[in-house]
Amino acid sequence: MDRFHDKNHKMKGKISKDLEQNIAYLEAVFSDCNDIVKKKFYVGKKKTQECM
C-alpha cells in the first residue's frame with residue numbers, strides 16, 4: 001500500500017473538474033514510470049480546449 005492506493009489496491013484520488021489538478025495527480029502517481037509519455041494538445045473547432 002502506498003499514498004495513492006488503499007488497502008484494496010484501489011486509487012485514492014478523485015477526478016477533478018480542474019485539468020491541472022488531474023495532471024499533477026497523474027504525474028505524481030506515475031513519477032517512477034519511465035515508459036509513460038505526456039503530451040499536451042488542443043481539440044475543438046477553434047483548437048482552444050486543452051487536453052492531455
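User: Happy to look at this one with you. How many salt bridges does the structure hold?

Analyst: This predicted model holds two salt bridges.

User: What makes the meeting of Lys38 and Glu27 a salt bridge?

Analyst: The side chains of Lys38 and Glu27 come to 2.3 Å, N to O. The cut-off for a Lys nitrogen and a Glu carboxyl oxygen is within 4 Å, so the pair qualifies. Lys38 sits in the loop between α1 and β1 and Glu27 in helix α1, 11 residues apart, so the pair links distant parts of the chain.

User: And why is Lys38 called partly exposed?

Analyst: Good one to check! Lys38 has a relative accessibility of 49%. Exposed requires over 50% and buried under 20%, so Lys38 falls in between. Its partner Glu27, at 38%, is partly exposed for the same reason.

User: How do you know that Glu50 forms a salt bridge with Lys40?

Analyst: Their closest N and O atoms are 2.9 Å apart, and the limit is within 4 Å, so this pair counts too. Here as well, distant parts of the chain are linked: Glu50 belongs to strand β2 (residues 49–51), while Lys40 is in the loop between α1 and β1, 10 residues apart.

User: Is Glu50 buried or partly exposed?

Analyst: Glu50 is partly exposed, because its 22% relative accessibility is not under the 20% needed for buried. Lys40, at 39%, is also partly exposed.

User: Which residues form the nonpolar patch on the surface?

Analyst: Leu26, Phe30 and Ile36 form the patch, with about 260 Å² of accessible area together.

User: What makes Phe30 eligible for that patch?

Analyst: A patch residue needs over 30% relative accessible area, and Phe30 has 35%, so Phe30 passes that cut-off. Phe30 lies in the loop between α1 (19–29) and β1 (41–43).

User: Why is Val43 called partly exposed?

Analyst: Its relative accessible area is 31%, which lies between the 20% and 50% limits, so the label fits. Val43 is found in strand β1. Not counting residues up to four places away in sequence, Val43 touches Thr48, Gln49 and Cys51.

User: Lastly, what does the side chain of Asn22 reach?

Analyst: From helix α1, the side chain of Asn22 reaches the backbone oxygen of Ser16 at 2.8 Å. The cut-off for a polar contact is within 3.5 Å, so that distance fits. Leaving aside neighbours within four places in sequence, Asn22 is in contact with Lys14, Ile15 and Ser16.

Note on methods. Residues numbered from 1 in each chain as written. Predicted model: local features only at pLDDT ≥ 70, side-chain atom pairs only at ≥ 80, totals over all residues. Heavy atoms only, no water. Patch = residues over 30% accessible without salt bridge, like charges linked within 9 Å, V, L, I, M, F, W, Y side chains within 5 Å. Areas by Shrake-Rupley, 256 points an atom, 1.4 Å probe, with all protein chains shown as cover. Helix = DSSP H or I, 4+ residues; strand = E, 2+ residues; numbered from the N terminus. Buried < 20%, exposed > 50% of the residue type's maximum accessible area, 1.4 Å probe, protein only. Polar contact = N/O pair within 3.5 Å; in protein donor to acceptor, adjacent residues only side chain to side chain. Contact = heavy atoms within 4.5 Å.
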